[in-house]
Amino acid sequence: MVNRKHNRDDLVIRKAQEDDLPVLVGFLAKLALHVAGAAPKKLKKKERTRLMEFLAAALVDNDKLVVVAELPDTGLVGMAYIYVWRSQGIWEQAADHEFKSGVIDDIWVEPEFRKLGIFSSMLKALIAFAEKRDVPELILEYAISNKEADATWKRLGFEVTGVRAAAFTNQVKAKLTTGA
Ligand SMILES: CC(C)(COP(=O)(O)OP(=O)(O)OC[C@H]1O[C@@H](n2cnc3c(N)ncnc32)[C@H](O)[C@@H]1OP(=O)(O)O)[C@@H](O)C(=O)NCCC(=O)NCCS
C-alpha cells in the first residue's frame with residue numbers, strides 16, 4: 001500500500017536490472033497514456049515484448065543508463081533514462097569537435113510519490129553518468145500540454161531552445177507534388 005509519509009531516507013536510486021523490466025514496461029505504458037491524455041488500456045503481448053527488448057538493450061549499452069527509484073516495502077516508484085547523443089560541432093555553432101549531449105527520456109514517478117524530490121534524486125544519477133562521459137549538456141523533449149513536466153523542467157533550469165515539428169511523410173510528399 002502506498003504511504004505518502006514514507007521516510008525518503010530509505011529511497012534507493014540504482015541502475016535498473018533485468019528483474020525490474022516488467023515494472024518498467026508498465027511505467028512506460030503509463031507515461032505514454034499520460035502524454036497522450038488517453039484512458040488506461042492494456043499493452044498487447046507484442047508491444048510488451050518490444051519494450052522489454054528496448055530496455056534490455058539499454059541495460060548493456062555503455063552510452064545508455066536506466067535508473068530506478070525504489071522504496072523498501074513499496075518497490076519501484078520511478079524510472080529515468082539517459083543516453084549519449086553525438087553531433088558534429090562547427091565553428092561558432094558549437095566547438096570544433098564532436099559534441100556530446102545527454103538526452104533524457106522516459107521519466108516516470110508514480111503519482112502518489114510526486115513532489116517529494118524522487119525525480120531530482122534520479123536526476124543526480126543521470127548527471128553523474130553524463131559527467132563521467134564528458135557530456136556537458138542535457139536535452140529533452142516534452143509536450144507543451146504536459147504541465148507537470150513543464151513545471152519540473154523549468155524549475156530544474158531547462159529552457160525551451162527550439163520547436164519540434166512533425167508531419168506524416170506521405171502528407172509532405174503530397175504537399176510537394178500537388179501543393180495541396
Ligand atoms: C515530471 C515528474 C517526473 C516530476 O517528478 P517528481 O519526483 O515529482 O519531481 P521532484 O519532486 O524531484 O521535483 C523537481 C522540482 O520540480 C518541482 N515540481 C515537480 N512537479 C511539479 C508540479 N506539478 N508543479 C510545480 N512544480 C513541480 C518541484 O517542486 C521541484 O522543485 P524544488 O526542488 O525547487 O522544490 C513527475 O511529475 C511525473 O512522473 N510526471 C508524469 C510523467 C512525465 O510527465 N514525465 C516527463 C515526460 S517528459
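Which polar side-chain atom lies 3.4 Å from an oxygen atom of the ligand? In this predicted model, that atom belongs to R114. The model is a predicted one, in which local features need pLDDT of at least 70 and side-chain atom pairs count only at pLDDT 80 or more, while totals for chains, interfaces and linings use all residues. Residues are numbered from 1 along each chain as its sequence is written, and side-chain values use heavy atoms, with hydrogens and water left out.

The protein holds 5 helices and 5 strands, where helices (H or I, at least four residues) and strands (E, at least two) are DSSP runs numbered from the N terminus. Along the sequence these elements follow the pattern β-α-α-β-β-β-α-β-α-α, and the C-alpha atoms fill a box of roughly 60 × 40 × 30 Å, taken along the principal axes. Of the 180 residues in the protein, 32% are buried; buried means under 20% relative accessible area, exposed over 50%, and partly exposed in between, with a 1.4 Å probe and protein chains only. About 12,400 Å² of the protein is exposed, and carbon and sulfur atoms supply 55% of it; accessible areas come from the Shrake-Rupley method with a 1.4 Å probe, and for residues only the protein chains shown count as cover. Among contacts (heavy atoms within 4.5 Å) between residues at least 6 apart in sequence, 64% join residues at least 24 apart.

Around the ligand there are 21 residues, of which K115, G117, S120, N146 and R155 come nearest; a residue is near a molecule or strand if one of its heavy atoms lies within 4 Å of it. By residue class, the shell around the ligand divides into 11 nonpolar, 5 polar and 5 charged residues, with Ala, Val, Leu, Ile, Met, Phe, Trp, Tyr, Cys and Pro counted as nonpolar, Asp, Glu, Lys and Arg as charged, and the others, Gly among them, as polar. Besides the approach of R114, a polar backbone atom of F119 is 2.9 Å from an oxygen atom of the ligand, and a polar side-chain atom of T152 lies 3.3 Å from a nitrogen atom of the ligand. Taken alone the ligand exposes 930 Å², and the protein buries 78% of that. Two or more residues of the shell around the ligand come from each of the elements α1 (21-36), β4 (98-109), α3 (118-132) and α4 (147-155), and α4 gives the most, with 6 residues.

The structure also holds 9 salt bridges, a salt bridge being a side-chain nitrogen of Lys or Arg within 4 Å of a carboxyl oxygen of Asp or Glu. In general, side chains of opposite charge can pair when their charged atoms come close. R14, found in strand β1 (residues 12-15), is linked with D20 and E70 in a network of salt bridges. The side chains of R14 and D20 meet at 2.8 Å, N to O, and both R14 and D20 are buried. In the salt bridge between E70 and R14, the closest N and O atoms are 3.1 Å apart. E70 lies in strand β2 (residues 64-71) and R14 in strand β1, so this pair ties together parts that are 56 residues apart in sequence. The side chains of R14 and E70 are likewise joined by a polar contact of 3.1 Å, defined as a pair of N or O atoms within 3.5 Å, where within protein one must be able to donate a hydrogen and the other to accept it, and residues adjacent in sequence count only if both atoms are side-chain atoms. R14 counts as buried because its relative accessibility is 18%, whereas E70, at 25%, counts as partly exposed. Not counting residues up to four places away in sequence, R14 touches D20, V66, V67, V68, E70 and L76.

A further salt bridge is formed where the side chains of E110 and K30 meet (2.8 Å, N to O). This pair links distant parts of the chain, with E110 in the loop between β4 and α3 and K30 in helix α1, 80 residues apart. E110 counts as buried because its relative accessibility is 14%, and K30, at 35% relative accessibility, counts as partly exposed.

In helix α2 (residues 45-59), K46 counts as exposed because its relative accessibility is 73%. K46 and G26 are 20 residues apart in sequence and 14 Å apart in space, C-alpha to C-alpha.
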